[in-house]
Amino acid sequence: MRIDRGEIKTLAVSMPPRAGKSYLVSLFCAWWLAKHPFNCVMRNTVTSALYRKFSYDVRDMIKNPKYQRLFPTISLQPDKQNIDGWSLTLSKQGAYFGGGVGSNIIGFGANLAITDDLYSGFAQALSLIYQETLKNWKQGSHNSRMEKDCPEIYIGTRWS
């Protein structure tokens, strides 16, 4: 709620593996898009496969009849429901996009930026080479997609 009200710009969610961090943020994404149907969520994670799973989950929440009863004006654009990036009927450009670390994130601007578990495990979290690669990708791809005053949510397992 504090992100939505503009009281905080950055939120870190750091808990042990399997604690439900990503699921809670998926619920937040579905709610946030209902409140901001003209805006766009960018969510990046360690692999494209994991990004697609999260994209599917949020998209499925929006399709759910319970969600439709709560937010009757929010629906998916019929011709823009690709798991890699999809739109709402009210979207100006897109509603949800992203990818895995190293992928090209182009074409959209984000009004909410999320990084979700950018490390696959302990060894990768301690690798100086991976840390440098991740830093370069985040600065060059992820950060370059953020619109002015874009809040960020960082989700991660505490590996070290």
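**Exercise 1. Find how strand S2 is joined to strand S5, and in which sense the two run.**

Step 1. Strand S2 covers residues 41–45 and strand S5 covers residues 112–116, and 5 bridges join them in a parallel arrangement. Strands here are DSSP runs of E with at least two residues, helices are runs of H or I with at least four residues, and both are numbered from the N terminus. Two strands count as paired if DSSP finds at least two bridges between them.

Step 2. This is a predicted model, in which local features need pLDDT of at least 70 and side-chain atom pairs count only at pLDDT 80 or more, while totals for chains, interfaces and linings use all residues. Residues are numbered from 1 along each chain as its sequence is written, and side-chain values use heavy atoms, with hydrogens and water left out.

Step 3. Looking at single residues, Met42 has Ala113 in S5 as its bridge partner, and Arg43 stands opposite Ile114 in S5.

Step 4. S5 also pairs with S6 in the parallel sense, over 4 bridges, and here the partner of Ala113 in S6 is Glu152.

Step 5. In the whole open sheet, 6 strands follow the order S1-S6-S5-S2-S4-S3 with mixed pairing; the edge strands, each pairing on one side only, are S1 (10–15) and S3 (85–86).

**Exercise 2. Decide whether the residues of S5 are buried or exposed.**

Step 1. Buried means under 20% relative accessible area, exposed means over 50%, and partly exposed lies in between, with a 1.4 Å probe and protein chains only.

Step 2. Since 5 of the 5 residues of S5 are buried, this strand is largely enclosed by the rest of the structure.

Step 3. Both faces are covered, with Leu112, Ile114 and Asp116 buried on one side and Ala113 and Thr115 buried on the other.

**Exercise 3. Work out which residues of helix H5 are buried, and where they lie around the helix.**

Step 1. H5 has 15 residues and reaches 20 Å from its first C-alpha to its last, close to the 21 Å expected, where the expected span is 1.5 Å times one less than the number of residues.

Step 2. The buried residues are Tyr130, Leu134, Trp137, Lys138, Ser141 and His142. They fall within an arc of 100° seen down the axis, so they line one face of H5; the arc is that of the directions from the helix axis to the C-beta atoms.

Step 3. On the other side of H5, Leu128 and Ile129 are exposed.

Step 4. Among the elements that cover the buried residues of H5 are S2, S4, S5, helix H4 (122–126) and S6, where contact means heavy atoms within 4.5 Å.

**Exercise 4. Find which residue forms a salt bridge with Arg43, and then examine the pair formed by Asp84.**

Step 1. A salt bridge is a side-chain nitrogen of Lys or Arg within 4 Å of a carboxyl oxygen of Asp or Glu, and by this rule the count comes to 7.

Step 2. Arg43 pairs with Asp116, their closest N and O atoms being 2.7 Å apart. This pair links strand S2 to strand S5 across 73 residues, and both Arg43 and Asp116 are buried.

Step 3. Asp84 meets Arg52 in a salt bridge at 2.9 Å, N to O. Asp84 lies in the loop between H3 and S3 and Arg52 in helix H2, so the pair ties together parts that are 32 residues apart in sequence.

Step 4. Asp84 is partly exposed at 37% relative accessibility, and Arg52 is partly exposed at 36%.
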